[in-house]
Amino acid sequence: MTRRKFLVNVVAELITDKGIRMTKYLETRKKADGRKYYAFNPSKGVKDALGLKYRKFTDKREAEKYCRQVALEFNLHRRKNEGRVAIHDESVQALINFYKSTQEWEKLKENSQICYDLCFKSATETVFGQSNVSFGETKARNVTATQADRLYAQIVKDFSSHRANQCIKVLRKVYNVGFRHDRVIANPFSNMQIPGLPSRKVLWEPEQVFHMIQTADDMGYRSIGTLTLLCYDLCSRPGDMRQLRWDNYKGGLFKYTQEKTGTDMEVPASPRLIERLESITNRQDEIAICETTANPYSKDLLVKYFARIRLRSGLPKELQLRDLRRTGATEMAESGCTEDELRAVTGHQSREILATYVRPTTRLATSAVNKRFA
């Protein structure tokens with residue numbers, strides 16, 4: 001037994017050539033208090049080959065799904081190194097590579113390219129049934145509408161509906177570009193009857209926002225409290241707020257460019273936000289500096305620390321930092337702001353897109369009735 005009294009039960013089962021679906025790299029462990037968790041712990045060779053690290057899971061199904069996917073990835077990696085797999089000029093992977101050499105790819109923001117690459121990886125490494133050929137190895141011209149539907153269903157099963165929808169959207173773009181350049185004769189991903197995903201509707205209550213800020217301050221993470229207030233009062237995305245620099249803030253006015261859309265923003269700070277910013281004495285380039293690393297937040301680190309503080313605060317898990325943008329915009333609408341005023345703060349280019357952010361509320365309905373019958 002180790003110093004931490006872990007009880008390790010190693011499950012080293014293979015995905016065999018005969019198609020027996022088992023789980024590899026999975027370890028079932030128990031902490032000293034008896035709580036069980038699941039560990040992804042492959043050999044050093046697998047970690048080095050795929051650039052992976054040890055991971056812990058609390059959900060067994062999620063752990064098994066991840067381990068199966070890694071087993072498929074390593075199998076494909078090994079076959080490529082053995083010379084058994086080549087990226088043919090006419091394969092789906094080759095079509096994706098061609099797309100990434102075009103202006104359509106170059107015009108994408110860096111974050112969008114990262115999201116696209118995740119979708120490409122999810123799609124190309126998908127294997128149907130007991131086949132030993134991945135979707136990325138399939139000849140691009142031979143992909144049919146039926147196969148496109150099957151790919152969608154498999155990604156839903158392996159990941160989520162959201163991931164599947166995104167994969168189909170990016171593959172549709174890839175095939176459109178390929179069709180324009182005579183690399184394929186049709187687009188099997190066009191006109192797919194994909195069920196729409198419901199838009200996120202979560203709103204914070206004001207007291208929840210300030211309870212979160214107070215908890216962050218009490219735990220010694222004033223930077224998280226500041227980011228929370230920035231997202232809330234400026235109705236902005238967490239990614240933009242964690243990258244805000246002091247150069248972006250002068251005389252109570254924020255001037256910055258939205259990373260996702262490239263929209264130039266000029267938004268005044270609220271009095272309470274000005275007061276909080278003035279209390280920050282140790283100023284570096286970025287406004288929010290992590291107390292434990294003395295560096296700006298990465299996306300993953302911000303998510304990790306925010307979740308930790310939310311847990312300590314006792315707030316519902318469904319509340320996310322990104323929901324503060326929607327919450328702030330809805331509160332502005334409730335206060336009687338016009339759509340053009342809202343767009344000046346949120347940066348939305350059209351009223352139609354703004355409508356997906358501002359959620360109908362009882363207060364909005366009451367305001368409308370009062371205006372009508374006043």
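1. Contacts along the chain. Among contacts between residues at least 6 apart in sequence, 56% join residues at least 24 apart. The model discussed here is a predicted one. Its chain contains 16 helices and seven strands. Of the 374 residues, 41% count as buried.

2. Helix α9. This helix, residues 222-234, has 13 residues and reaches 18 Å from its first C-alpha to its last, which is close to the 18 Å expected at 1.5 Å a residue. Helix α9 is mostly covered, with 12 of its 13 residues buried. The buried residues include Ser223, Gly225, Thr226, Cys231 and Asp233. Leucines also appear in that list, among them Leu227, Leu229, Leu230 and Leu234.

3. The crossing of α9 and α12. The axis of α9 comes within 11 Å of the axis of helix α12 (residues 299-313), and the two cross at roughly 95°. Angles of 65 to 115 degrees count as roughly perpendicular, and α9 and α12 are therefore roughly perpendicular to each other. On the α9 side, the contact is made by Ile224, Leu227 and Thr228. On the α12 side, it is made by Leu302, Tyr305, Phe306 and Ile309. By class, this contact has six nonpolar residues, one polar residue and no charged residues.

4. The residue after α9. Helix α9 is followed by Cys235, whose phi is positive, near 50°. Most residues other than glycine have a negative phi. Cys235 is not a glycine, yet its phi is positive. This residue lies in the loop between α9 and α10 (238-242). Is Cys235 buried or exposed? With a relative accessibility of 1%, Cys235 counts as buried, because buried means under 20% relative accessible area.

5. A second positive phi. Asp182 also has a positive phi, of about 60°, although it is not a glycine. Asp182 is found in the loop between α7 (161-180) and α8 (206-218). Its relative accessible area is 61%, so Asp182 is exposed; the cut-off for exposed is over 50%. The two residues with positive phi described in this note can thus be set side by side: Cys235 is buried, whereas Asp182 is exposed.

6. Helix α6. This helix (residues 145-158) has 14 residues and reaches 20 Å from its first C-alpha to its last, close to the 20 Å expected at 1.5 Å a residue. Which residues of α6 are buried? They are Ala148, Leu151, Tyr152, Gln154, Ile155 and Asp158. Seen down the helix axis, these buried residues fall within an arc of 170°, so they line one face of α6. The face turned away from this buried side carries the exposed residues Thr146 and Lys157.

7. Helix α3. Helix α3 (residues 92-99) is mostly covered, since six of its eight residues are buried. These residues are Val92, Ala94, Leu95, Ile96, Phe98 and Tyr99. What do the buried residues of α3 pack against? They pack against three helices: α4 (103-106), α5 (110-124) and α7.

8. Phe57. Strand β4 (residues 55-57) contains Phe57, which counts as buried at 4% relative accessibility. Phe57 and Phe40 are 17 residues apart in sequence, and their C-alpha atoms are 7.9 Å apart in space. Phe40 is also one of the contacts of Phe57 when neighbours within four places in sequence are left aside. The other residues on that list are Tyr37, Tyr38, Glu62, Ala63 and Tyr66.

9. Asn248. The loop between α10 and β5 (249-250) holds Asn248. Its relative accessible area is 18%, so Asn248 is buried by the cut-off of under 20%. Leaving aside neighbours within four places in sequence, Asn248 is in contact with Gln243, Leu253, Phe254, Lys255 and Tyr256.

10. Gln258. This residue has its place in the loop between β6 (253-257) and β7 (264-268). Gln258 is buried, with a relative accessible area of 2%. Gln258 and Gly239 are 19 residues apart in sequence and 8.9 Å apart in space, from C-alpha to C-alpha. Not counting residues up to four places away in sequence, Gln258 touches Arg237, Asp240, Thr263, Met265, Arg325, Thr346 and Gly347.

How values were computed: Residues numbered from 1 in each chain as written. Predicted model: local features only at pLDDT ≥ 70, side-chain atom pairs only at ≥ 80, totals over all residues. Heavy atoms only, no water. Axes fitted to C-alpha atoms, helices over the stretch in contact; angles between N-to-C directions. Helix = DSSP H or I, 4+ residues; strand = E, 2+ residues; numbered from the N terminus. Parallel < 35°, antiparallel > 145°, perpendicular 65-115°, else oblique. Contact = heavy atoms within 4.5 Å. Nonpolar A, V, L, I, M, F, W, Y, C, P; charged D, E, K, R; others polar. Buried < 20%, exposed > 50% of the residue type's maximum accessible area, 1.4 Å probe, protein only. Expected span 1.5 Å × (residues − 1). Arc of directions from axis to C-beta.
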